[in-house]
Amino acid sequence: MIARTMVDPSSDATAISLVDSDFVHVTGFNSEPVIIHRGQSTCSHTILVDVPGEPMVVQDTREDWRFRNNHTIVRDWGVTFYAGQPLRTSDGFNIGTVCVIDSQPRTKFTQHERDQLKELADMVMHELEAQSSQREAAFRESLHSSVEGFNRAINTGNHTGQQILSMMIESIESALTIEGVLCLDVRPCKGSLAKMGQNPLGKAISIPILAASEHAMKNIKEITIESETLLKALNDQNGELSHTHGSPTPEILSRILPPRVGAAATLITRGSKEPFMVIIAYSSKKCPHFVSPPPIMAYFRSMGTIVCTVQEKQTLSLADKAKIDFIANISHELRTPLHGVIASCDLLSETNLCDAQESLLETAKSCASSLAETINHVLDFTKANAMRSGAVLELVDLAQLVEETMISCWLGRTVRPHTDGIGGIYTAGSQTLRRKFISPDFVEPLIDIEPIENWSVMTDKSGLRRVLLNLIGNSMKFTRGGYVKVSLHRGPSIDPERMAVELVVEDTGCGMSEAFVRDKLFHPFSQEAPLAQGIGLGLAIVRSILKSPGIDGTIDVHTKVNIGTRMTIRLQPPTANDLRSWTRSPSQSLTRLPSFAMCGFHAEHRGSGMLASGIRRGLRHWYGTIVEVDVKEAGLLIVDGDSIDISKLDALGANRPMILLLCSSPVDSVVFKATQDYSGNNRLCTVVVKPIGPHALSKALSALVGGRNSTPSSPLQHSLPVLPPTSQPLPPTAQERPMRPQSNANMSRLRVLVIEDNLVNRKVLTAFLKKRNCYFDEAGDGIEGVQRFQESKGAPYHVCLMDLQMPRKDGFEAAREIRQLEAERDIPLFDGTAIQKTKIFALTGLASAEDRKKADEIGFDGYLVKPITFKALWERLQQVVDDLP
């Protein structure tokens, strides 16, 4: 009506037509839409007008050579006059017309009428484009919602690969309102995803089908092409193929899809453009989406990317699980021998040992405990141990931690493995005691701890120890002369409940460039010297540990090439009032230091001079006024054994001074002989192994100067080195050492069953029980253990010490059977009183929360993670004995 009014009220009709490749779709006023072949329509000629903005006008079709023989126009429709204006899109394509038709010929079509027709065409085109934009926006929004819904669905709950693919097929079907979708596996190497697909069509095919819609399963008979052929065809078209219903089907798709369908196919890649799968959607009905395929192709790529991501996450998850399982198993293999070492040290400590032997034993035990602590922290850090979560705080004496960590690092550096044929021994490292003079490449280990009364705080002890191990180890690795020093000082504090702590590790090593520090220092697998020992993970681990809740610290790095490096750690842990802090001052009975002299310290060597200054500073702090005299007049001689000929030590003792000998190597025959020769004439000589901190120095002075008026109980007692420990104070002298308890009252009533497959650990446990006068039986695996328990009906066991990982039958299953046997039989009586069920304690290297929970569910009464000390085990057994009637 508007068109007729605007253009010519007297005309018979006004119509709008849209032209495609084969047909013209005509909609007229008060008439049903008509579809005619493109060759029979005047509008087909109108869209070919070359002059933009000009209509095509035919005054009399009967006289026009183009239409006079067109029976549809002239005879059937009775069109004599025709004026049509092309509908031109914004990008310049003619897609149809607005036309005025009349049964009567005309002699003219005025310019005004032409302008009106053009204006009408512009209005129609504007409306068509607006509606098209709305439909396209709605379609894109529906695709976006489909992608979001699919992503949300597969990330909710646990889904198998096949379930995820089926969900993708259903989502595509629903979003496009089509019946056919299939997903083909085109990866070069078919992996787990192809196995999950397993050809749902059940046909003989060349390309594995991962998933398909119901219509595809019914109508695709077989696929006879190779994946390489399909990939080539897709890559030739930038990874996309499409065609509309009724148009020629691309040859490659005709060999896959049913006939007479419109379709779109997209190649999905992952990683570095590696082919992953091809998504194909088709419809036997006319689908407008295939006419303009870009939104569909983007949609397919989004869905495929989600599937790729989920599949990669599942692969990584399986890899993580394998890693966790491996670490959990290897942790058992590590903890079990460590348990044997620590338990053997516990048993050995109960024998008669001299001071030097006890000190060496404590050092060995401390190193094993430190290794166990490091293993636990590594497992926690890699999340293989889930026993603990969040901040792990424990009482820590920072002075003790710093001193023992520095000592263990230095001992590891100065003792290196030496292999000669089968087996190996440990020999002194490159920096030995037998140096006549300190050379420029000599490295002095230094410990500087601010002398305050209490260094006790609450922090992650194992994490902080690991940080120090990494930093000190790096300094020692890259320092060829000078010193490596670790310092502990207080910083400015604001919170009275917290202690501001500064830990500094500095060296005179090779240093680092500014570019490396700025760009790569804390990155994993980064080393400025690529041929250096190690893989460059240490500082990356340090930063991660410092960021953990248990420490929450920072690290600052100052370095200069060929000058050295200084790393400062700052943290503010909660303070703890621990009056039992590590001894860092001599015995109170030693109120005055005799006149002393220092021998062998060289001021020109930075490390040696700093060591001498640190010793003097410590002596002044303890004694106030000190008297330093010439070597010949000294009553106490502090000797740096790394710079003198130790074999001539006796020459220094003309006036029979007490000698405190500082050496870098823990074991050396020259030192033993020289100190023994010196002590043979009732003179006193004590060896302290470097690095020397406040604890080691104070203990050595107490033993040496404090005992100067007493006669040694044995020449070896003072001639052998009194080594500084790495985790506990030096043992007291023979006169001070408390007597060990000899009575094991009531323990003889205890009946214990030891089920352990490791022969060494089993022998150590039974030796401990035998020493405590306990009755015990032993078994090498779960089957033998259950048999032993069955045979003990008349006198059941009070305690069962159970390993969890054993051949034939593990500890979990053995404990479950023992609990079942207890439930099936009557509990016998001891002394007329019913006893409780056997206490089953797990002694295991498995430390995960899952294993602990499983043990609790079965009925274990305790869970002790190896390595354990006999003190902890004794406390458990004592509780059982105390509960006996």
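**Exercise 1. Place His 605 in this predicted model, and state whether the residue is buried or exposed.**

Step 1: location. His 605 sits in a loop. Strand E21 (596–599) comes before that loop, and helix H16 (606–623) follows.

Step 2: burial. The relative accessible area of His 605 is 9%. The cut-off for buried is under 20%. Therefore His 605 counts as buried.

Step 3: partners. Which backbone atoms does the side chain of His 605 reach? One is the backbone oxygen of Phe 442, at 3.0 Å. Another is the backbone nitrogen of Ser 608, at 3.1 Å.

**Exercise 2. Classify Cys 409 and Cys 599 by burial, then give the number of disulfides.**

Step 1: Cys 409 has 13% relative accessibility, so this residue counts as buried.

Step 2: Cys 599 has 15% relative accessibility, so Cys 599 counts as buried.

Step 3: the structure holds zero disulfides.

**Exercise 3. Work out how strand E24 is covered and paired.**

Step 1: count. E24 spans residues 685–689, and five of its five residues are buried.

Step 2: split by face. Side chains in a regular strand alternate between the two faces of the sheet. On one side of E24 lie Cys 685, Val 687 and Val 689. On the other lie Thr 686 and Val 688. Both faces are covered.

Step 3: pairing. Strand E23 (residues 658–663) pairs with E24 in the parallel sense, over five bridges. Ile 659 stands opposite Cys 685 in E24.

**Exercise 4. Describe the largest nonpolar core and one of its well-connected residues.**

Step 1: size. This core has 42 residues. Those with the most contacts inside it are Trp 455, Leu 471, Leu 488, Leu 503 and Ile 555.

Step 2: contributors. Elements giving two or more residues include helix H13 (461–477), strand E17 (482–490) and strand E19 (554–560). Helix H12 gives the most, with seven residues.

Step 3: neighbours. Leave out residues up to four places away in sequence. Ile 555 then touches Leu 471, Phe 522, Val 542, Leu 546, Met 567, Thr 568 and Ile 569.

Step 4: a second, separate core has 35 residues, among them Leu 176, Met 297, Phe 300 and Met 303.

**Exercise 5. Summarise the whole chain in numbers.**

Step 1: there are 24 helices and 31 strands.

Step 2: the chain has 885 residues, of which 49% count as buried.

Step 3: take contacts between residues at least 6 apart in sequence. Of these, 68% join residues at least 24 apart.

Step 4: the accessible surface comes to about 43400 Å², and 52% of it belongs to carbon and sulfur atoms.

Terms used:
Residues numbered from 1 in each chain as written. Predicted model: local features only at pLDDT ≥ 70, side-chain atom pairs only at ≥ 80, totals over all residues. Heavy atoms only, no water. Helix = DSSP H or I, 4+ residues; strand = E, 2+ residues; numbered from the N terminus. Buried < 20%, exposed > 50% of the residue type's maximum accessible area, 1.4 Å probe, protein only. Polar contact = N/O pair within 3.5 Å; in protein donor to acceptor, adjacent residues only side chain to side chain. Pairing = 2+ DSSP bridges. Contact = heavy atoms within 4.5 Å. Areas by Shrake-Rupley, 256 points an atom, 1.4 Å probe, with all protein chains shown as cover. Disulfide = S-S within 2.5 Å. Core = buried A, V, L, I, M, F, W, Y, C linked by side-chain atoms within 4.5 Å.
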